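Got your viewer open and a cartoon view ready? Load the model below and we'll walk through it one selection at a time.

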Amino acid sequence: MVDAETSLDSPQEPGCTFCPSNGRVKVIQTSPSGNTIFVQVMVEEDGVYVPAPGAYFVLPVGHYAPADELPFDFWREINWHIRESGITFDNDGVNRTGKGGARITEHLHYWLMQAQPGDPALGLYTLRASYRKAIQDRDASLAQISRRSRPHTW
Ligand SMILES: [Zn+2]
C-alpha cells in the first residue's frame, strides 16, 4: 500500500498504525521530498476497514511525535498536499490530544476534514457542542434504562 516514491529510510515504529511500513494507511499521494504522505482515514465498519468519507491526514513518513523537531518543513508539506489534492477542506488541525482511539497519538498527524452535504459546519465550537449533546443523550437513556430495570421492592 506504500507508494514506491515514499522514503522509508525515515524512522519506523513496529505496530504503529500510521507508520507506512506497517501497511495500514491508504496512501493517496506522496510529497516530492518523500517526507510526507496524504492518506484517507480508515474506520472499522462491521469488522472491515473502509475509507471514511471526507476525512484525511497528512502524515510524516517517519515516526515523529507532535513535539519532535522535524528534519523538514511540515507546514510547507501540508500546504503542498492541500493544493495538489485539489480538495477543499472545512477544518483542519494537528492532533495533540493524549487520548487517541487506536494509540496513534505518538505519530504526528494533521487532520483535513471535508464536510458532506447535510453535515453541520465543522467548526470546533460545533464539534464540541455535538459531542456534549451526544454524551447528555447517552446519559439520559442510560438513566431511563436503569430506572426501568430497578428491582421491585415490596
Ligand atoms: Zn508511526
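The tour goes from the overall fold to the sheet, then a hairpin, then the core.

**Whole chain.** Keep in mind that this is a predicted model. Colour by secondary structure and you should find 2 helices and 5 strands. Follow the chain along its sequence and the elements come up as β-β-β-α-β-β-α. Now colour by burial: of the 154 residues in the protein, 18% are buried. If you like contact maps, take the contacts between residues at least 6 apart in sequence: 54% of them join residues at least 24 apart.

**The sheet.** Select the strands and hide the rest. What order do the strands take in the sheet? Reading across, you get β1-β2-β3-β5-β4, an open sheet with antiparallel pairing. Residues 26–30 (β1) and 91–94 (β4) are at the edges; each of these strands has a single partner, so one side of each has no neighbour in the sheet. Turn the view to look at the twist, which averages 25° from one strand to the next. As background, strands in a sheet pair through backbone hydrogen bonds, in either a parallel or an antiparallel way.

**First hairpin.** Zoom in on β1 and β2, an antiparallel pair with 4 bridges. Pick Gln-29 and look across to β2, where its bridge partner is Phe-38. Then move to the 5 residues between the two strands of this hairpin and click Gly-34, which has a positive phi near 80°.

**β2 against β3.** Next, select residues 36–45 (β2) and 48–60 (β3). These two strands run antiparallel and are joined by 9 bridges. For a landmark on this pair, show Val-43, which sits opposite Val-50 in β3.

**The core.** Switch on side chains for Ile-37, Phe-38, Val-39, Tyr-56, Phe-57, Val-58 and Leu-59. These have the most contacts inside the largest nonpolar core, a set of 13 residues. Which strands each supply at least two residues of this core? They are β2, β3 and β5 (110–113). Of the contributors, β3 gives the most, with 4 residues. In soluble globular proteins generally, nonpolar side chains tend to be buried together.

**Last stop: Leu-59.** Centre on this residue and show its contacts. Leaving out residues up to four places away in sequence, Leu-59 touches Phe-18, Val-25, Thr-36, Ile-37, Val-39, His-107 and His-109. Two of the names in that list, Ile-37 and Val-39, also appeared among the core residues with the most contacts.

Notes. Residues numbered from 1 in each chain as written. Predicted model: local features only at pLDDT ≥ 70, side-chain atom pairs only at ≥ 80, totals over all residues. Buried ≥ 20, exposed ≤ 12 C-beta atoms within 10 Å, placed from the backbone. Contact = placed C-beta atoms within 7 Å. Pairing = 2+ DSSP bridges. Axes fitted to C-alpha atoms, helices over the stretch in contact; angles between N-to-C directions. Core = buried A, V, L, I, M, F, W, Y, C linked by C-beta atoms within 7 Å.
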